[in-house]
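Here is a short briefing to read alongside the structure. Keep the chain open in your viewer and follow the topics in turn.

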Amino acid sequence: MSIWWSLHLRREAASVPLARRLLLGAMETAGVDPDVSFDLSVALSEACANAVEHGGNGTRGGRTEAYRVTAYLDGETCRIEVADPGPGFTAPTPVRPARADAEHGRGLCLIQELADHVHIGSKPGRGGTVVSFDKILKFREGAPLMAV
């Protein structure tokens, strides 16, 4: 069994905990190990916070007012994508660790530490950024979606 969901969210700070709670609820219902759920929820929060902060040019009423979050729980893997309509990248962007005293710049590093595979890039031909990451899941005994 597998489940997936997709959200179209406003680029507002209040959307970040909404996406996180939805993911945690889906993972709990599916019987995913709480530690794995927590790691993925922190990674999702960081990706959403980046979309809110950097994901557009501030045009009101335009497509830059929103970003998309999609999560797939399929078998033993969870894959999450956060896509925004911002300026994107002109080339693959290396993730560099932030300085110890920096207040910003830790999000992408955290995502890389918490997930098994991470891809950060631009949407082909349309601009915008897509952050996708996945993690192998562990399940509680008797979990409804546990892979057989």
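In this predicted model, Lys-135 and Asp-39 form a salt bridge, with 3.8 Å between the closest N and O atoms. The pair ties together distant parts of the chain, since Lys-135 belongs to strand β5 (residues 129–136) and Asp-39 to helix α2 (residues 34–54), 96 residues apart. Searching the whole structure gives four salt bridges, and three of them are described here, beginning with this one.

**Salt bridges**

- The two partners of the β5–α2 pair sit in different accessibility classes: Lys-135 has a relative accessible area of 12% and is buried, because the cut-off for buried is under 20%.
- Asp-39, at 23%, is partly exposed, because values between 20% and 50% fall in that class.
- Glu-81 and Arg-68 also meet through their side chains in a salt bridge, at 3.5 Å from N to O.
- That pair again links distant parts of the chain, with Glu-81 in strand β3 (residues 77–84) and Arg-68 in strand β2 (residues 66–74), 13 residues apart.
- Arg-68 has a relative accessible area of 31%, so this residue is partly exposed.
- Asp-134 and Arg-79 make a salt bridge too, their side chains meeting at 3.4 Å, N to O.
- Here the link runs between strand β5, which holds Asp-134, and strand β3, which holds Arg-79, with their positions 55 residues apart in the chain.
- Asp-134 is buried, with a relative accessible area of 13%, whereas Arg-79 counts as partly exposed at 32%.
- As general background, side chains of opposite charge can pair when their charged atoms come close.

**How α2 and α3 pack**

- Helix α2 packs with helix α3 (residues 107–114) at an angle of about 155 degrees, and their axes are 9 Å apart.
- The two helices are therefore roughly antiparallel, because angles over 145 degrees are classed that way.
- The crossing in which α2 passes α3 is left-handed.
- On the α2 side, the contact is made by Asp-39, Val-42, Ala-43, Glu-46, Ala-47 and Asn-50.
- On the α3 side, the contributors are Gly-107, Leu-108, Leu-110, Ile-111 and Leu-114.
- By residue type, the contact between α2 and α3 divides into seven nonpolar, two polar and two charged residues.
- Asp-39 thus appears in two places in this briefing, as a salt-bridge partner of Lys-135 and as a member of the α2 contact with α3.

**The buried side of α3**

- Gly-107, Cys-109, Ile-111 and Leu-114 are the buried residues in α3.
- These buried residues pack against α2, β4 (117–122) and β5.
- Among them, Gly-107, Ile-111 and Leu-114 also take part in the contact with α2 listed above.

**Three residues in the helices**

- Leu-23 lies in helix α1 (residues 15–30) and is buried, with a relative accessible area of 0%.
- Leaving out neighbours within four places in sequence, the contacts of Leu-23 are Trp-5, Leu-40, Ser-41, Leu-44, Ala-71 and Ile-80.
- From Leu-23 to Phe-38 there are 15 residues in sequence and 9.6 Å in space, taken C-alpha to C-alpha.
- Ser-15 is also part of helix α1 and counts as buried, at 7% relative accessibility.
- Apart from residues up to four places away in sequence, Ser-15 touches Leu-9, Arg-10, Val-52 and Tyr-67.
- Ser-45 is found in helix α2 and counts as buried, at 10% relative accessibility.
- With neighbours within four places in sequence set aside, Ser-45 is in contact with Val-16 and Arg-20.

**The fold as a whole**

- The secondary structure amounts to three helices and five strands.
- Followed along the sequence, these elements come in the pattern β-α-α-β-β-α-β-β.
- The protein has 148 residues, of which 43% count as buried.
- Among contacts with a separation of 6 or more, 64% come from residues 24 or more positions apart.

Key: Residues are numbered from 1 along each chain as its sequence is written. This is a predicted model: local features need pLDDT of at least 70, side-chain atom pairs count only at pLDDT 80 or more; totals for chains, interfaces and linings use all residues. Side-chain values use heavy atoms; hydrogens and water are left out. Helices (H or I, at least four residues) and strands (E, at least two) are DSSP runs, numbered from the N terminus. Buried means under 20% relative accessible area, exposed over 50%, partly exposed in between (1.4 Å probe, protein chains only). Contact means heavy atoms within 4.5 Å. Axes are lines fitted to C-alpha atoms, for helices over the stretch in contact, and angles run from 0 to 180 degrees between N-to-C directions. Angles under 35 degrees count as roughly parallel, over 145 as roughly antiparallel, 65 to 115 as roughly perpendicular and the rest as oblique. A crossing is left-handed if the near helix is turned anticlockwise from the far one by less than a right angle, and right-handed if clockwise. Ala, Val, Leu, Ile, Met, Phe, Trp, Tyr, Cys and Pro count as nonpolar, Asp, Glu, Lys and Arg as charged, and the others, Gly among them, as polar.
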